[in-house]
Amino acid sequence: MGARLSLTIRELKKWIRNPANLFITLIQPIFWIVLFGSAFDITKIIPPSIPGGSSMIIGTLFMGAKNYISFLTPGMLAIMALFSAMFSGMSIIWDRRFGYLTRLLVSPIPRDSIVLSKVFSSTIKAIVQSTILFIIAILIPNGLYISSSFNIYDLIGVFAIISLLSIGFSGLFSIIVIRVKKMETLMAIVNLLNLPLMFASTAMFPSDIMPDWLKGIASYNPISWAANSLRYLILQGSWNSTLFTDIAYLLIFDAIIILAVFVVSKYGFEE
Amino acid sequence: MMVEAENLVKIYKGNIKAVDGIDLKIGKGEIYGFLGPNGAGKTTTVKILTTLLKPTSGTARINGMDVVKEQERVRRIIGLVPQDLSVDDDLKGIENLELQANFYGIRKDEARRKAYELLELVDLYHAKDRYVSTYSGGMRKRLDLISGLIHEPEVLFLDEPTLGLDVQTRTRMWEYIERLRKDLGITIFITTHYLEEADRLCDRIGIIDRGRIMVEGRPEELKRSVGFDVIYILADDPEPLKRYLEGAVNVEILEDRTLRFSIKNSEEYIPDLLQKIYQAGIKVKRISIQKPSLDTVFLKYTGREMREEESREDVMRTMRSIRRAR
């Protein structure tokens, strides 16, 4: 475990010592839920004249959310794990540019420790960030309404799901950038993947209002699995079979990525 | 043998031959220097020997262990101080060293003791608790140097250890490197394109150009092998002087109207030559004689002057490395 642990601690030290960075990564999702959550409040589009009342339809369509911010917040938690994972990929390139990677590669540490330390640290960052975001979402007026039955097990479930998503994506991005030498290339890759991953998911909109083709894509997006499971836990406090299926998908996703991390980092690193 | 290589070849993509059949034999405790211009293949060779690059063909061993087949074991006994800075700016000096020690499985208290010792050795102990981002260029380079030593390697590779340092800092680095050898007795492999550096530090030098070792030997041996002096004559019109240079080799007119040539027994040759020149009525402004040095050795074996190779690329590289360090 030696190098994997000590390199993870290195990452976390660098993170904590740069409060500006921490602040920015936190403020962004808060902007999202406050601004996006208010401006794009799609629950308002549904006319109240619908038989059965709009609140019931909103309840079904938005998985029990009492307002759009409540629907959006679990999605934002998933998106934040995605952002954190992208930064971890970026830090491999920084290590390369600043020569630190040479130091790592010339020492007898297992190659996977270089990638896994990014994965672990990114997951811990995601957990800390989501906790803060979660609290703020509850505190803002007319913000997140959590289910009345929400308990400690649900909270552990929430952290577990965020961790699973974070492990998968930070592993994925690290593998992608393992041979990328230029920051510009990574930026292009991140921009390319960022948008489709975010919008072809149920993080911001319920799949029922999507066109069929998009709905199909969204159902294979790990962000949807995470966003939906988080909603079951946070909004309904229910451990239903759909939730377990989504968690199972996330586990399979992670297993494949971790395996790939071991293989790719063993043979893929080069000076 | 501590470092051995046989017919090492590295061809990069695009058919660029960086290393073209290098053989090496370096004994325990020796300081061996690779002297050559930029792009001669020095860094590529170091990268192969330190397991960072795989050779296209040929074999290399560190203390009998193959650098391709026994990477992990080789990494345990080597230390590398790369050409570009490689310490973490966001960590403190001591944290960099302790992390490095951790990579080699050194216990924490042991690592700290060792780190203090090395910090003292390069006069950095006072700055150990400062962030590396507050260090000067010379301090960083020194921290880099001892980072490669924390695990007591048997071979230390120093790739251009004083590139981009000012003269004063460079002289101090040399003192530190000499101290390392004296105190720790480790084998050191240095690459450099500073003749003075190779001359001062190395027991043995290999002159490398275009991926090949042109000649190898002790600095004095190499200088003796040249056997002739290099003469520089500055004149308004050096061209007609050429006619009088009997027995001279490597005759060339340099850009600044200086005639350069090599000759044996310059002490006897010069008065003779001057007489001829005066009789022909040619005005000479300045004459200088350079006794054998590694400069002349390099000239003899490559037909070029080392200085001509100190290019802009060099300056740019240094600038870049400083900029990135900020």
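What is the volume of the second largest cavity? The answer is about 40 Å³, and this briefing looks at what surrounds that space before turning to a nonpolar patch on the surface. Please keep in mind that the model is predicted. In total, the structure holds 5 cavities of 30 Å³ or more.

**The second largest cavity**

- Two helices of chain A, α2 (19–39) and α4 (68–97), each supply at least two residues of this cavity's lining.
- Helix α4(A) gives the most to the lining, with 4 residues.
- Among the residues that line the cavity are A:Thr25, A:Gln28 and A:Pro29.
- A:Met80, A:Phe83, A:Ser84 and A:Phe87 also belong to the lining, as does A:Gln129.
- By character, the lining of the second largest cavity divides into 4 nonpolar and 4 polar residues, with no charged ones.

**The nonpolar surface patch**

- On the surface you can find a nonpolar patch of about 580 Å², made by A:Ile152, A:Tyr153, A:Ile156, A:Trp239 and A:Phe244.
- Helix α7 (residues 152–176) of chain A provides the largest share of this patch, with 3 residues.

**A closer look at A:Phe244**

- This member of the patch lies in helix α11 (residues 241–268) of chain A.
- A:Phe244 has a relative accessible area of 46%, so it counts as partly exposed.
- Patch residues need over 30% relative accessible area, and A:Phe244, at 46%, is above that cut-off.

Technical notes. Residues are numbered from 1 along each chain as its sequence is written. Chains are lettered from A and ligands numbered from 1 in the order in which they are written. This is a predicted model: local features need pLDDT of at least 70, side-chain atom pairs count only at pLDDT 80 or more; totals for chains, interfaces and linings use all residues. Side-chain values use heavy atoms; hydrogens and water are left out. On a 1 Å grid over the protein atoms alone, a cavity is a set of points where a 1.4 Å probe fits but cannot get out, and a pocket is an open set with protein on both sides within 12 Å along at least five of seven lines; lining residues have an atom within 4 Å of a point. Grid points are joined across faces, edges and corners, and a volume is the space filled by probe spheres set on the points. Ala, Val, Leu, Ile, Met, Phe, Trp, Tyr, Cys and Pro count as nonpolar, Asp, Glu, Lys and Arg as charged, and the others, Gly among them, as polar. Patches are made of residues with over 30% relative accessible area and no salt bridge: like charges are joined within 9 Å, nonpolar side chains (Val, Leu, Ile, Met, Phe, Trp, Tyr) within 5 Å. Accessible areas come from the Shrake-Rupley method with a 1.4 Å probe; for residues, only the protein chains shown count as cover. A salt bridge is a side-chain nitrogen of Lys or Arg within 4 Å of a carboxyl oxygen of Asp or Glu. Buried means under 20% relative accessible area, exposed over 50%, partly exposed in between (1.4 Å probe, protein chains only).
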